[in-house]
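Student: I've got a protein structure to look through and I'm not sure where to begin. Can we go through its side chains together?

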Amino acid sequence: MEVFAKPAVGAIIEKVSNDKRYILIQDRNKNNDDIETGMIELPAGKIREYENIFDALRREVWEETGLNITEIEGEEAKVCSFDSGYETISYLPFCSTQNLSGGYSIILQTFICHAEGELLKQTNETINIRWALLSEVEAILKTNPEKFYPMHINSLRKYIAKTSIK
């Protein structure tokens, strides 16, 4: 039986306060997931069949953090069409990541976002939802990358490189 990769979406939610850059991180707390439980992750989740990727991102962020996304970088550049009975959307995420081994097969589209609202304390899948200084995330990523959920490491490294250029 063929098994296919599952499409997923993730958010690097950023904010600047007192001239310091923060991103939202959380700890995995999946019931059936012993190996990855406790790993640091970004808000993310699977896209439902025929769900608009931006709607999926908003839903996942809301479910996992309690925040409402106010901006998704790149959303304004999306192209939508309806041709031959197909409604389609084209977009450019900040980072695309595919795992080639481990866990189960995912293709993750990560976007840079801004959000507002009050953080949840925890959900049925996450705990320790918090704003972390980007410099602290960078330090942990450099010294202990194994603390992060592997599907988010490349997008975090790309984001850190992007923000250090500014």
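Student: Okay, about how many helical turns separate Glu63 and Arg59?

Tutor: Keep in mind that we're looking at a predicted model. Glu63 and Arg59 both belong to helix α1, which covers residues 53-65. Since they are 4 residues apart in that helix, the separation is about one helical turn.

Student: How far apart are the closest N and O atoms of Glu63 and Arg59?

Tutor: In general, side chains of opposite charge can pair when their charged atoms come close. A salt bridge needs the nitrogen and the oxygen to be within 4 Å. Glu63 and Arg59 do form a salt bridge, and their closest N and O atoms are apart by 3.5 Å.

Student: Which residues are joined with them into one network?

Tutor: Arg59 also forms a salt bridge with Glu60, with the closest N and O atoms 2.9 Å apart. When salt bridges share partners like this, they link up into one network. Its members are Arg48, Glu51, Arg59, Glu60 and Glu63.

Student: Is Glu63 buried or partly exposed?

Tutor: The cut-off for buried is under 20% relative accessible area. Arg59 counts as buried because its value is 14%, and Glu60 counts as buried at 8%. Glu63 has a relative accessible area of 38%, so that one is partly exposed.

Student: Which residue does Arg28 meet in a salt bridge?

Tutor: Let's look at both ends of this pair. Arg28 is buried, at 6% relative accessibility, and its partner also counts as buried, at 16%. The two side chains meet with 3.2 Å from N to O, and the partner of Arg28 is Glu36.

Student: And which ring does the charged end of Arg28 sit over?

Tutor: Here a charge sits over a ring if it is within 6 Å of the ring centre and within 35 degrees of the ring normal. The charged end of Arg28 is 3.9 Å from the ring centre in question. That ring belongs to Tyr149.

Student: Let's move to the nonpolar parts. Which element gives the largest share of the largest nonpolar core?

Tutor: That core has 17 residues, and those with the most contacts inside it are Ile23, Ile25, Phe148 and Tyr159. The elements giving two or more residues to it are β2 (20-28), α2 (134-143) and α3 (150-165). The largest share is 4 residues, and it comes from α3.

Student: How many residues are in the second, separate core?

Tutor: Among its members are Ala11, Phe54, Ile72 and Phe111. Phe111 is buried, with a relative accessible area of 0%. The size of this second core is 16 residues.

Student: What kind of aromatic pair do Tyr91 and Phe111 make?

Tutor: A search of the whole structure finds 4 aromatic pairs, so let's take this one by its angle. Planes under 30 degrees apart count as stacked and over 60 as edge-to-face, with the rest as tilted. The rings of Tyr91 and Phe111 have centres 6.0 Å apart and planes at 50°, so the pair is tilted.

Student: How many residues apart in sequence are the parts that this Tyr91 and Phe111 pair ties together?

Tutor: Tyr91 lies in the loop between β7 (86-90) and β8 (95-98). Phe111 is in strand β9, residues 106-116. The pair therefore ties together parts whose separation in sequence is 20 residues.

Student: How many residues apart are the parts tied together by Phe94 and Tyr159?

Tutor: Phe94 and Tyr159 form an edge-to-face pair, with 6.3 Å between centres and 80° between the planes. Phe94 lies in the loop between β7 and β8, while Tyr159 is in helix α3. So the pair ties together parts whose separation in sequence is 65 residues.

Student: Which residue has its charged end over the ring of Phe94?

Tutor: Phe94 is buried, and so is Tyr159. The charged end we want is 4.7 Å from the centre of the Phe94 ring. It belongs to Lys158.

Student: Last one: how many disulfides are there?

Tutor: A disulfide needs two cysteine sulfur atoms within 2.5 Å. The sulfur of Cys113 is 13 Å from the closest cysteine sulfur, in Cys95, which is too far for a bond. Cys95 is in no disulfide, and the count comes to 0.

Conventions
Residues numbered from 1 in each chain as written. Predicted model: local features only at pLDDT ≥ 70, side-chain atom pairs only at ≥ 80, totals over all residues. Heavy atoms only, no water. Buried < 20%, exposed > 50% of the residue type's maximum accessible area, 1.4 Å probe, protein only. Core = buried A, V, L, I, M, F, W, Y, C linked by side-chain atoms within 4.5 Å. Phe/Tyr/Trp six-rings, centres within 6.5 Å; stacked < 30°, edge-to-face > 60°.
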